[in-house]
Amino acid sequence: MKHVLKIFSLLLVISALWIGLLQASILPQSHTWLLPIYFIVSLGCYGLLMVGVGLMRFPTCPQEALLLQQDIAEAKGFLKQSGVDVGCK
Amino acid sequence: MELADRAVGFLLSFISLSIFTYYTFWVIILPFVDSDNFIHNYFLPQEYAILIPVCAGVVLLCLLCMFIGFVMLKSKKKMA
């Protein structure tokens, strides 16, 4: 519940800032109307960027993969000895 | 396998960065540029800057609802 409250308060602050900007007329009005859409689009872009960067830096650990394959072979052999049916998938 | 992952990740980040710069240019920088500058030929009229994200958002919402509906129907069919 607390995280939702934090997000909600952040949204409230941003909308208050936006309405204040509208009233004070520092920037031209048509500009200020476009700001929320711009922020939503940039947020989506940022999410996509994080996904792409995470994909690029994903570690594959080749040594652990090898050890895992050895463990699997060892376990299969042991279970076959004990009579358990190990279906090779 | 790892190269394919890297290529997809690079493509995604490239797409997102290009969309971000194009949209920033469109919404923030272009209104401050004179009307008869050559750069206006490369950008669509400003109404599309609102239309395209809204349409994309509506399409995304529809696809999401359809997907949820499909999954619910499939699970109900399996139970019956």
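## Tyr22(B) and its surroundings

Tyr22(B) belongs to helix α1 of chain B, the helix that covers residues 2–29. The model described here is a predicted one, and in it Tyr22(B) is partly exposed, with a relative accessible area of 34%.

Together with Leu44(B), Tyr48(B), Leu51(B) and Ile52(B), Tyr22(B) makes a nonpolar surface patch of about 460 Å². Helix α2 of chain B, which spans residues 48–79, supplies three residues to this patch, the largest share. Tyr22(B) can be counted in such a patch because its relative accessible area of 34% lies over the 30% that patch residues must exceed.

## Aromatic cluster

Tyr22(B) is also a member of one aromatic cluster, in which Phe20(B), Tyr23(B) and Trp26(B) of chain B are joined by Tyr38(A) and Phe39(A) of chain A. Across all chains, a search of the whole structure finds seven aromatic pairs.

## Chain B as a whole

Chain B contains two helices and zero strands. Of its 80 residues, 12% count as buried, while the accessible surface of the chain comes to about 6,800 Å², with 78% of that area belonging to carbon and sulfur atoms.

## Annotated segments of chain A

Two segments of chain A carry annotations in UniProt, in each case from an unreviewed entry. The record lists residues 1–24 of chain A under "signal peptide"; in the model this span is 96% helix and 0% strand, and its end C-alpha atoms lie 35 Å apart.

The record also places a "transmembrane region" at residues 34–56 of chain A. Over residues 34–56 the chain is 100% helix and 0% strand, with 33 Å between the end C-alpha atoms. Tyr38(A) and Phe39(A), which take part in the aromatic cluster with residues of chain B, have numbers that fall inside this annotated region.

## Cysteines

Over all chains, the structure holds zero disulfides. A disulfide is a covalent bond between the sulfur atoms of two cysteines. For Cys65(B), the closest cysteine sulfur is that of Cys62(B), at 6.7 Å, and the two are therefore too far apart for a bond, given that a disulfide requires sulfur atoms within 2.5 Å.

The accessibility of two cysteines can also be stated. Cys65(B) counts as exposed, at 53% relative accessibility, because the cut-off for that class is over 50%. Cys61(A), at 37% relative accessibility, counts as partly exposed.

Methods: Residues numbered from 1 in each chain as written. Chains lettered and ligands numbered in written order. Predicted model: local features only at pLDDT ≥ 70, side-chain atom pairs only at ≥ 80, totals over all residues. Heavy atoms only, no water. Patch = residues over 30% accessible without salt bridge, like charges linked within 9 Å, V, L, I, M, F, W, Y side chains within 5 Å. Areas by Shrake-Rupley, 256 points an atom, 1.4 Å probe, with all protein chains shown as cover. Salt bridge = Lys/Arg side-chain N within 4 Å of Asp/Glu carboxyl O. Helix = DSSP H or I, 4+ residues; strand = E, 2+ residues; numbered from the N terminus. Buried < 20%, exposed > 50% of the residue type's maximum accessible area, 1.4 Å probe, protein only. Phe/Tyr/Trp six-rings, centres within 6.5 Å; stacked < 30°, edge-to-face > 60°. UniProt positions renumbered as here; feature names shortened; annotations may be inferred.
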